[in-house]
Amino acid sequence: MTPLSLYNSLTRSAELFVPADPADVRVYSCGPTVYHYAHIGNLRAYLFTDTLGRVLTWKGYGLTHIINITDVGHLTSDADAGDDKMEAAARASGRDIWAVADHYTQAFKADLKALNIRDPARFPLATDHIDAMIAFGQSIADKHCYRLPDGLYFDTSTVPDYGRLAGHRDEGPAEGRIDTVAGKRHAADFAIWRTSAPGENRQMEWDSPWGRGAPGWHLECSVMSRQYLGPHFDIHTGGIDHREIHHPNEIAQNQAIGCSADTGATLWMHNNFIVDRTGKMSKSSGEFLTLPTLIERGFHPHAYRLMCLQAHYRSELEFSWDNLAAAQTRLKRLVQTVAALRARGEGKGAASASPYAERLDAALSDDLNTPRALPVLDELLADKKVSPADRLAALADFDAVLGLGLSTLSREDLRVRPKGATIDEGGIAVRLAERREARAAKDFPRSDAIRDELAAAGVEVMDGDPLGWDWKL
Ligand code: AMP
Ligand code: ZN
């Protein structure tokens, strides 16, 4: 096997991966804030960690993966300003905050399932760890924190090299430089505990030594990673935005509790963003695409998975419907090829599939280079010197890491029907047969008229579809 090399945002370089215990690689991924549905950008973050986990498993490592659920404490700005996202969402919808959190948590888990993302060992909830967060705050308060009327704040000058992850020295992250809370000693200082203002009507609040209130957002990840993975674990992941504020603050807390230069994790890995033509996709803007929207438009979730695998996780990826359609076509071709191989049954081959497995390993070991791995799969499937049975066995091995479900997906699975569509399949078949006759008779105006008539009814005629389908909605 090729040694695994992974890019570490801390050192800004690819490093040879050396886990503390190869039988139990410990990975923590910052989870979603459950005040809204996850958008497809958020889901890219978990497709990335899923690929990471699958590669680790494929290469023989044991794995404990944690994804937390942020159901309290995340303000509308990452830098301790604005409203609590959960409280605001509950107020706006007039619903109970716990019901809001539960609803979006379930929706998030359903999205992960649809994308064939493996379950982590646990999905711990921030609200289940309030006592542990208070205890953490108490143990760092004397040496590292100070009180303000609205809470307990972390003094970022009390830890070595604050902001190193973000690439800022001593001055803290850019957004933190805007001093948003009166009385902070340094602009980058952040809340460990936010005391409720008199008369403030919060649905979620708890008693603490710093008054009734709620924890600061960064605290939960230091507490839960430590609780489930220990004071030092192997890999911490998140989207690239977390490199600027959230993760530097987690590191500061980890240093405070460990009283050393230790950042808590050996490797800090970040996926780049999904963007659309209007810019970054964000939940707070309210305008974003969800996985169910893609499905409603007739796309299989694995087409989105493939679209993400076609880009390196550290590259920005522009979403467009054309990109997604191209990925869906590629997925159909793969499914078609696999079906054809299966139909071929037993045949003799002159060559082995193992050189392909070695190339797959080399690509993935190079900082999870999935865009380089995918063509290896295409070449393997097309290599007539390898017997169909050996190609199918190698395919199953490849798919354990790509997670496209190629051994089980059928042609019919890929025919995603828009929700609530009522279609008269018999009627469509009759019109298509008439169109074929017209084309055979070179009566193109009539053939085009039938196509346009079907299009007006929401049915797209597909000439030359790789799966041989003649229409879609
Ligand atoms: P949130 O629910 O906002 O806390 O975000 C959940 C995860 O999605 C975090 O790791 C974010 O960094 C990541 N993320 C947010 N927006 C995007 C995006 N447009 N593309 C990729 N990842 C994102
Ligand atoms: Zn986090």
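Mentor: Two strands are said to pair if DSSP finds at least two bridges between them, and with that in hand we can read this predicted model, in which β3 and β11 pair in the parallel sense over 3 bridges.

Trainee: Which residue stands opposite Ile235 in β11?

Mentor: Opposite Ile235 in β11 stands Val27, and you can use that position to find your place before moving on to the neighbouring strands.

Trainee: What is the order of the strands in the open sheet?

Mentor: The sheet is open and has 4 strands, which follow the order β4-β3-β11-β12 with parallel pairing. Its edge strands, β4 (63-67) and β12, each pair on one side only, and the twist from one strand to the next averages 20°.

Trainee: Over how many bridges do β11 and β12 pair?

Mentor: Strand β11 (residues 233-239) is joined to β12 over 6 bridges, again in the parallel sense, and within this pairing Met269 in β12 has Thr237 opposite. Helix α6 (residues 246-258) completes the picture, since β11, α6 and β12 make a β-α-β unit that is right-handed.

Trainee: Is strand β12 largely enclosed or open to the outside?

Mentor: A residue counts as buried when its relative accessible area is under 20%. In β12 (residues 265-271), 6 of the 7 residues are buried, so the strand is largely enclosed by the rest of the structure.

Trainee: How do I read the way in which α5 and α6 pack, and are they parallel or oblique to each other?

Mentor: One looks at the angle between the axes, where values under 35 degrees count as roughly parallel and 65 to 115 as roughly perpendicular. Helix α5 (residues 217-229) packs against α6 at an angle of about 55°, the axes being 9 Å apart, and the two helices are therefore oblique to each other. Their crossing is right-handed.

Trainee: Which residues are the protein donors of the zinc ion (ligand 2)?

Mentor: A metal site is read from the atoms that lie around the ion, and here the protein donors are Cys30 through SG, Cys221 through SG and His246 through NE2, at 2.0 to 2.2 Å from the zinc ion. Along the sequence these donor residues have the spacing C-x190-C-x24-H. Cys30 belongs to the loop between β3 (25-29) and α1 (40-58), whereas His246 belongs to helix α6, so this pair ties together parts that are 216 residues apart in sequence.

Trainee: Are Cys30 and His246 buried or exposed?

Mentor: Cys30 is buried, having a relative accessible area of 6%, and His246 is buried as well, with a value of 1%.

Definitions and conventions
Residues are numbered from 1 along each chain as its sequence is written. Chains are lettered from A and ligands numbered from 1 in the order in which they are written. This is a predicted model: local features need pLDDT of at least 70, side-chain atom pairs count only at pLDDT 80 or more; totals for chains, interfaces and linings use all residues. Side-chain values use heavy atoms; hydrogens and water are left out. Buried means under 20% relative accessible area, exposed over 50%, partly exposed in between (1.4 Å probe, protein chains only). A crossover is right-handed if, with the strands pointing away from the viewer, the path from the first strand over the helix to the second runs clockwise. Donors are N, O and S atoms within 2.8 Å of the metal (3.2 Å for Na, K and Ca); water is not among the atoms, so sites may look incomplete. Axes are lines fitted to C-alpha atoms, for helices over the stretch in contact, and angles run from 0 to 180 degrees between N-to-C directions. Angles under 35 degrees count as roughly parallel, over 145 as roughly antiparallel, 65 to 115 as roughly perpendicular and the rest as oblique. A crossing is left-handed if the near helix is turned anticlockwise from the far one by less than a right angle, and right-handed if clockwise.
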